[in-house]
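Here is a brief report on one protein and its ligand. It covers the ligand site and the confidence of the model.

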Amino acid sequence: MILLFPTHIRAQVQRTIPSTCITPDLAKTFKWVGQQPTDPNIVALQQPPATVVVEYDAWASANLTGYVSALLLKQVMGVNVKLMEYPGSRNTYVRNADGTVHVNVEVWPASKFALYNKYVRQDQTVEDLGLLGYFSKISWYINTNIADANPTLIFDSWRSFQQPAVLNFFPAVGTTTRGRNADGSLLCTPDKYSFCNSEGYYVPPQCQGNLRSTCREYWHPDPSYSQGENEQRILSLGLKLVVVYIGLDRFEDIFAQCAQQSAYGCVGYWWKPEQIISAYRFTEVKLNPYTDLCYDKFDPANVNATNELTCDWTIELLHKIGNAKMRQWAPHVSNFFRLLTFREIDMTSMLADYATRGRKAEETACRWITANQAIWRPWIPTPPSNYIRFLDRLNTSEPLSIVVIILCIISYLVGIALIVLLQKYQASPSVKAQSPPFMTVILMGAIIITTSVAMEVAAPSSATCAARTWLLAIGLCTVLSSITLKTWRIFNVFGNRRMRVGNKLSTRRLMTMVGLLLALDAILLAIWTAISSPAEAVTEVSATTFTYSCGVASSDAATVLSILVIIYHAVLLVASVFLSYKIRNVASEFNESKYIGLATYNMTLACIIVIPVVFLPINFRAQFIIKCILILCATIGVMGLLVARPVIEAISAAASGTDPTATNFSGAGFGFGGFKSRGSSQASNKPIVSPTSVTGTINKSAQGIPKGSSVDDMHNGVRFGANFAMRSMSGIIRRWTECNMMLIGGNNPALTIGPVDSKTIEGKFYTALVYAKPLEAADKEKLPGCFFLRIDASTYLVQTTDAAEAEHWVNAITNAFAVVNASHSRGGGSGSASGGTTTVQSGGTRSVGVNSIPGLGTAAQGGGGGKKGGAKA
Ligand SMILES: NCCCC(=O)O
């Protein structure tokens with residue numbers, strides 16, 4: 001059988017459910033509503049869903065059943081009910097299956113077996129919620145008065161409608177106005193019901209053409225009710241009737257009006273139980289008794305002469321149907337509808353009340369509820385044990401919150417202190433080299449992130465939930481975009497050999513880019529906020545406790561937006577990691593790739609842990625502390641590695657007087673600022689090379705040489721530098737150290753570095769793998785007179801008097817070690833580095849050690865002046 005579902009274009013109506021019927025005191029006894037615990041921490045939560053849509057189809061008994069169930073659900077069980085009246089019943093299975101409605105309280109099954117099989121048995125998208133309790137039957141009725149007024153004629157048999165003498169009492173075709181849909185179209189049109197003609201009538205062959213005037217009107221409220229059955233009966237029984245579809249809204253009045261007079265007859269489709277049948281005088285028309293066999297020959301989709309229907313309707317046992325998933329998401333509502341049953345007397349008494357007391361279904365339903373508590377009381381299920389749950393929320397005075405608040409305060413103080421110190425030391429090379437404007441922006445980002453963590457302590461609400469996400473995202477974007485763009489500039493200036501655009505990447509330009517990235521982030525966040533509507537949401541903690549956490553509307557669009565926001569920040573994070581990796585070998589004062597790498601590693605690790613922790617179903621306190629501590633550690637780490645480190649270097653340099661920008665230096669320290677004013681080099685003592693007392697020797701040789709200057713001893717092939725400043729290019733805090741340097745040329749070259757402070761630290765003697773390199777142009781301006789010295793794998797910055805002096809040393813070292821370095825590279829490569837280094841005792845009295853000159857890296861331990869490994873001394 002083909003199932004046809006005509007489109008219902010008559011609008012459905014939402015009915016208002018009164019809020020006063022059951023007294024609050026009575027409702028409270030069922031323990032679903034009105035539970036007001038004295039402890040303010042106990043909150044009674046209704047189970048989802050917030051809204052259950054109850055359908056009833058537009059006739060009186062269903063209207064009453066709908067109102068009784070809606071009033072009880074709303075007022076006794078606290079469920080939000082939307083009560084919908086539908087004009088046609090046939091699509092109720094589709095509506096229940098797709099969730100447009102959740103329940104239909106009164107379904108007439110006889111004409112819907114095929115639908116039942118499809119949706120309940122096969123698809124299982126609709127659930128049979130059981131019998132409603134009262135019986136029903138559809139019939140043809142005539143007004144009793146016409147039969148009483150004409151006792152010689154028989155009106156109440158189907159055969160009467162083959163008799164012209166009887167038919168003469170009934171309205172001629174076209175007398176009664178046809179019903180229309182809200183859009184003005186006729187109720188029955190051929191596109192929706194194949195049996196109807198374009199005039200909106202069903203006209204059987206025995207009434208077509210000239211025969212039309214011999215036929216009379218048969219009144220039908222709606223073509224979707226018992227679809228095709230009336231039409232096939234008229235055809236199969238050869239009745240002289242044309243079906244007029246009047247519409248349910250007018251049918252009752254027209255039929256009741258007919259019942260109250262005897263001048264004309266009317267025959268139409270109606271049913272019991274129903275109020276007009278009991279309130280007015282109607283007589284059922286006798287049809288052949290119902291048999292299954294009789295209905296087997298009927299096909300509602302094909303009303304024609306090849307099919308047949310000649311018998312009566314069967315008695316129907318009405319039932320309830322509902323959306324199959326309701327059992328999971330609203331078990332208490334599903335249980336209520338399973339238990340809902342009315343006796344015959346309940347419905348007939350309600351219909352009588354409805355007919356006689358103003359036809360207001362909500363009032364009749366309320367009167368019945370008030371008078372029949374004993375009947376409906378068993379329908380109300382007992383609330384589940386977890387219906388009332390304790391609210392367990394994070395308190396600002398509990399230890400976890402206090403720990404987070406203290407960490408936030410520390411983070412704020414570190415951030416603010418660093419901003420102040422940045423201002424103070426902005427001219428110091430170690431600070432200046434890292435671009436103070438970027439460091440300030442990074443600190444501001446860190447402070448914004450800290451604020452987002454502080455918001456975690458505040459109770460969730462629409463405002464705090466949105467603020468947490470906004471602050472975290474904007475803070476992250478500020479930090480990451482600053483790091484990325486700063487690193488990008490270094491990459492382009494020093495690392496990217498193909499694209500030298502360094503000069504174009506001014507700080508102002510890069511700051512504009514940071515602003516653009518932030519603007520894009522803000523746009524993404526604004527769309528995310530509009531679509532996701534962040535707000536507090538109930539989260540189960542246990543069977544008896546719940547908490548409020550931040551949640552978002554669950555929709556595909558919201559998920560996509562959340563993923564986009566995460567991807568946007570992940571891209572910035574990956575970009576900063578990638579660029580810091582790319583510049584890892586750039587030998588520049590600007591290069592802090594190691595620290596950027598460490599900072600981004602911290603942040604990546606925090607994200608890798610925080611994101612799953614936020615989504616995992618773990619205890620909200622554990623979530624809170626893990627999330628806050630990780631974010632704060634990463635934030636403080638970023639401030640420490642990228643800002644505090646150069647600031648501490650600057651403070652340290654200023655304190656020791658080795659800050660090249662310092663205008664004054666203390667007597668104990670070494671001031672590069674004073675170099676240039678110390679005059680020209682002058683020859684003095686000839687250095688004596690002795691492996692056993694190198695430091696003492698070069699320090700003796702340094703006496704009398706102006707600080708920072710060099711002398712060449714051409715006779716011995718020695719170049720001597722006094723009071724240079726040296727600093728490692730690696731290490732967290734890189735301090736300048738004052739030292740003397742002696743380069744010995746010839747077949748066995750050697751570089752001796754001796755600390756000026758020879759009483760407390762030791763010197764070194766290098767015989768191979770010693771390289772020198774000039775600074776990049778950008779560095780030269782900031783660090784005048786400096787060159788890079790690479791010994792094995794460690795790189796140092798050495799500052800001499802001026803650029804010419806630095807260049808001289810670069811050339812001298814490169815030339816002196818050219819042959820030895822080449823043979824080491826060919827032979828053992830850099831692995832032989834330690835073999836080229838001998839640590840010498842200071843003053844011949846001190847023991848040999850590692851890290852003997854702070855800031856100059858680690859030297860292999862050597863004997864008292866002996867050479868080790870592959871060194872070619
Ligand atoms: N009350 C009559 C309903 C008939 C039908 O649902 O088709």
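## Ligand site

Which cavity does the ligand take up? The ligand fills the space of the largest cavity. A cavity is a set of points, on a 1 Å grid over the protein atoms alone, where a 1.4 Å probe fits but cannot get out. A molecule sits in a cavity if more than half of its atoms lie within 2 Å of its grid points.

Around the ligand stand Trp 59, Ser 89, Trp 108, Ser 111, Lys 112, Tyr 225, Ser 226, Tyr 269 and Trp 271 (a heavy atom within 4 Å). This shell has five nonpolar, three polar and one charged residues; Trp and Tyr count as nonpolar, Ser as polar and Lys as charged.

## Polar contacts and cover

Ligand oxygen atoms make polar contacts (N or O pairs within 3.5 Å). A polar side-chain atom of Ser 89 is 2.6 Å from one ligand oxygen. An N or O atom in the Lys 112 side chain also lies 2.6 Å from a ligand oxygen. Ser 226 uses a polar backbone atom, at 3.0 Å. The protein covers 99% of the 250 Å² of accessible area that the ligand has on its own (Shrake-Rupley method, 1.4 Å probe).

## Confidence

The model is predicted; local features need pLDDT of at least 70, side-chain atom pairs 80 or more, while totals for chains, interfaces and linings use all residues. Residues are numbered from 1 along each chain as its sequence is written, and side-chain values use heavy atoms, without hydrogens and water.

Mean pLDDT (confidence per residue, 0 to 100) is 83, and 82% of the residues score at least 70. It stays under 50 over residues 1-9. Residues 827-873 are also below 50. Where pLDDT is low, the predicted coordinates should not be read in detail. The predictor gives the complex an ipTM of 0.97 and a pTM of 0.52.

Key: pLDDT is the predictor's confidence in each residue, from 0 to 100. Contact means heavy atoms within 4.5 Å. A polar contact is a pair of N or O atoms within 3.5 Å; within protein, one must be able to donate a hydrogen and the other to accept it, and residues adjacent in sequence count only if both atoms are side-chain atoms. On a 1 Å grid over the protein atoms alone, a cavity is a set of points where a 1.4 Å probe fits but cannot get out, and a pocket is an open set with protein on both sides within 12 Å along at least five of seven lines; lining residues have an atom within 4 Å of a point.
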